[in-house]
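Work through the exercises below with the sequence and the model at hand. Each task is followed by a solution in steps.

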Amino acid sequence: MSTTATLAAVASTTSTGEAVQFWLLGTVAVLGALGTVLMKRAVHSALSLAGTMIVLAVFYLAEGAYFLGIVQIVVYTGAIMMLFLFVVMLVGITAADSLKETLKGQRWLAAACGVGFGILLIAGIGNAKLNTFAGLGQANAGGNVQGLAALIFTKYVWAFEITGALLITAAVGAMVLTHRERTEERRTQRELAELRVRENIQVPPLPAPGVYARHNAVDIPGLLPDGTPSELTVNATLRGRGQIRDVSGEPLTGVAELETRAHNWLERVHTEAEERAK
């Protein structure tokens, strides 16, 4: 057997470490992809997608594509994905919002696009499996960045442009979600205060979260004098997401014990007064 054939056979053989790494990280990547689609909250879906991107970056680094691995972490996971995550958190999209079908037939179109991408993925994997393995040495002969640039701007330029168009569309969609068209002039603080006085709607400022609750977190409602939570002390977005922690149990228990002690004390005083009167 020639030296070239021997090197090709060694390069195409998967070691035990590579197999273990593939099956462990591949499982994490598949679970993250499923979580992106199946999670009820948009923030959790974005986090699952970020985890899948990190696993892909590890795969790139393990295969010797160091430039792709660093770009995957810095650009996609670190910049674009975190930008989308922060936008989703600021917009406050709930599970109910995602069920509203604004475009008729968009679910069937999305299903057809998913099937098409699956066919393309299977075809790409089959093409890579049937063709001759070149090896990292030949692929990086002129440099990893140079070889990657040559493929992107020659053989895969069309796919590269489509990917760029998809990213631009996603960025524009995120900006559209955060934009709110104002049809009237913004009221000043004085005008809002006068309106509250005229309509007798919450004349004083809203109470701060966590008042009398032994906690001062924004997701804990303040307590009224009777120990029940006040809905005015928490943000409406947190209330819509169901991310409010109820800690009124301890204060309510304390109020009940105080009432019991007061009742017992009043009965004892009344009994002693009756005995002195006799």
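The exercises cover aromatic pairs, a helix residue, a surface patch and a loop residue.

The model is predicted: local features need pLDDT of at least 70, side-chain atom pairs count only at pLDDT 80 or more, and totals for chains, interfaces and linings use all residues. Residues are numbered from 1 along each chain as its sequence is written, and side-chain values use heavy atoms, with hydrogens and water left out.

**Exercise 1.** Classify the ring pair of Phe-22 and Trp-23 and state how exposed each residue is.

Solution. Rings of Phe, Tyr and Trp (its six-membered ring) pair if their centres lie within 6.5 Å; planes under 30 degrees apart are stacked, those over 60 are edge-to-face and the rest are tilted. The structure holds three aromatic pairs. In one of them, Phe-22 and Trp-23 lie 5.3 Å centre to centre with 75° between the planes, an edge-to-face arrangement. For exposure, buried means under 20% relative accessible area, exposed over 50% and partly exposed in between (1.4 Å probe, protein chains only). Phe-22 has 46% and is partly exposed; Trp-23 has 61% and is exposed.

**Exercise 2.** Do the same for Phe-153 and Phe-160.

Solution. The ring centres of Phe-153 and Phe-160 are 5.7 Å apart and the planes are at 65°, so this pair is also edge-to-face. Phe-153, at 53%, is exposed. Phe-160, at 39%, is partly exposed.

**Exercise 3.** Where is Ser-48 found, and is Ser-48 buried or exposed?

Solution. Ser-48 belongs to helix H3 (residues 42-62); helices are DSSP runs of H or I with at least four residues, numbered from the N terminus. Its relative accessibility is 16%, so Ser-48 is buried. Beyond neighbours within four places in sequence, Ser-48 is in contact (heavy atoms within 4.5 Å) with Gly-32, Gly-35, Thr-36 and Met-39.

**Exercise 4.** Place Val-37 and state its exposure.

Solution. Val-37 sits in helix H2 (residues 16-38). With 67% relative accessibility, Val-37 is exposed.

**Exercise 5.** Locate Val-218 and list its contacts outside the local sequence.

Solution. Val-218 is in the loop between helix H10 (189-199) and helix H11 (236-241). Its relative accessible area is 58%, so Val-218 is exposed. Not counting residues up to four places away in sequence, Val-218 touches Pro-209, Val-234 and Leu-238. Arg-245 is 27 residues from Val-218 along the chain, and their C-alpha atoms are separated by 9.5 Å.

Technical notes:
Helices (H or I, at least four residues) and strands (E, at least two) are DSSP runs, numbered from the N terminus.
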